[in-house]
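Please open the structure in the viewer and keep the selection tool at hand. The tour proceeds from a sheet to a single residue.

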Amino acid sequence: MEKEAKPIYENFVATFQEYDWIVAPSGSCTYHVRHHYDILEQTDAVRAIRSKTVDLVEFLVDVLKVEKISGRFPHRVGLHQSCHGLRGLRLGQSSELVAPPFSKTKYLLELVAGIQIVPLNRPDECCGFGGTFAINEPAISAKMGKDRIADHLSHGAEYITSGDMSCLMHMQGLIKRNKQVLGVKHLAEILNAGMSG
């Protein structure tokens with residue numbers, strides 16, 4: 001099945017090969033380019049694309065080395081760390097590893113004035129989306145998503161944020177279906193809040 005995607009991979013390489021950086025608003029997309037483009041012939045162009053495709057968080061923290069954000073977001077926010085971002089790209093320390101705690105995403109959020117990042121019982125728990133997993137195991141996927149939402153709600157979050165759109169879409173669908181009062185915003189929306197005015 002993955003071989004059927006090769007023309008799409010090749011088109012991605014052809015489209016983006018002239019750029020210095022390819023910045024994705026999704027850890028799962030970034031991870032996919034870096035780890036699954038191995039099915040292509042590893043030409044100079046393919047290797048370059050794989051190395052210069054970065055997640056938005058990586059670009060801001062590791063490439064631009066952002067230390068100040070002028071935005072303001074005076075709300076209680078729960079941070080959902082996606083599996084691909086956390087375990088694939090190492091944007092933060094996952095609980096199964098014995099290592100000093102860190103989160104590049106949380107670092108960026110803490111630069112935003114007025115924000116309150118709420119603690120969670122399970123700060124690195126999967127939301128249950130996982131692409132085809134949600135299709136093949138819809139009941140388990142929905143239960144995992146509801147558990148993530150409940151963790152945020154129990155700590156008084158007004159918003160859930162993440163650097164991965166797929167996780168946010170999954171949880172937003174469950175929130176709307178269950179008529180819950182909890183906003184969902186991509187990390188970029190929060191970082192951008194208030195910056196234009």
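Two strands are said to pair if DSSP finds at least two bridges between them. The model on display is predicted.

**First stop: a pair of strands.** Select residues 159–162, strand β5, together with residues 183–186, strand β6. These strands run parallel and are joined by four bridges. Which residue of β6 stands opposite tyrosine 159? Glycine 183 occupies that position. Next, select serine 162, and histidine 186 of β6 will be found opposite.

**Second stop: the connection.** Between β5 and β6 the chain passes through helix α9, so please select residues 165–177. This β-α-β crossover is right-handed.

**Third stop: the whole sheet.** Now display the strands in the order β4-β3-β5-β6. They form an open sheet of four strands with parallel pairing. Its edge strands are β4, at residues 116–117, and β6, each of which pairs on one side only. In general, strands of a sheet pair through backbone hydrogen bonds, either parallel or antiparallel.

**Fourth stop: a residue in a helix.** Select residues 138–154, which make up helix α8, and then aspartate 151 within this helix. Is aspartate 151 buried or exposed? Aspartate 151 has a relative accessible area of 6%, and because buried means under 20%, this residue counts as buried.

Show the side chains of aspartate 151 and arginine 148: they make a polar contact at 3.1 Å. Finally, select Leu120, Asn121 and Arg122, which aspartate 151 touches when residues up to four places away in sequence are not counted.

How values were computed: Residues are numbered from 1 along each chain as its sequence is written. This is a predicted model: local features need pLDDT of at least 70, side-chain atom pairs count only at pLDDT 80 or more; totals for chains, interfaces and linings use all residues. Side-chain values use heavy atoms; hydrogens and water are left out. Helices (H or I, at least four residues) and strands (E, at least two) are DSSP runs, numbered from the N terminus. Buried means under 20% relative accessible area, exposed over 50%, partly exposed in between (1.4 Å probe, protein chains only). A polar contact is a pair of N or O atoms within 3.5 Å; within protein, one must be able to donate a hydrogen and the other to accept it, and residues adjacent in sequence count only if both atoms are side-chain atoms. Contact means heavy atoms within 4.5 Å.
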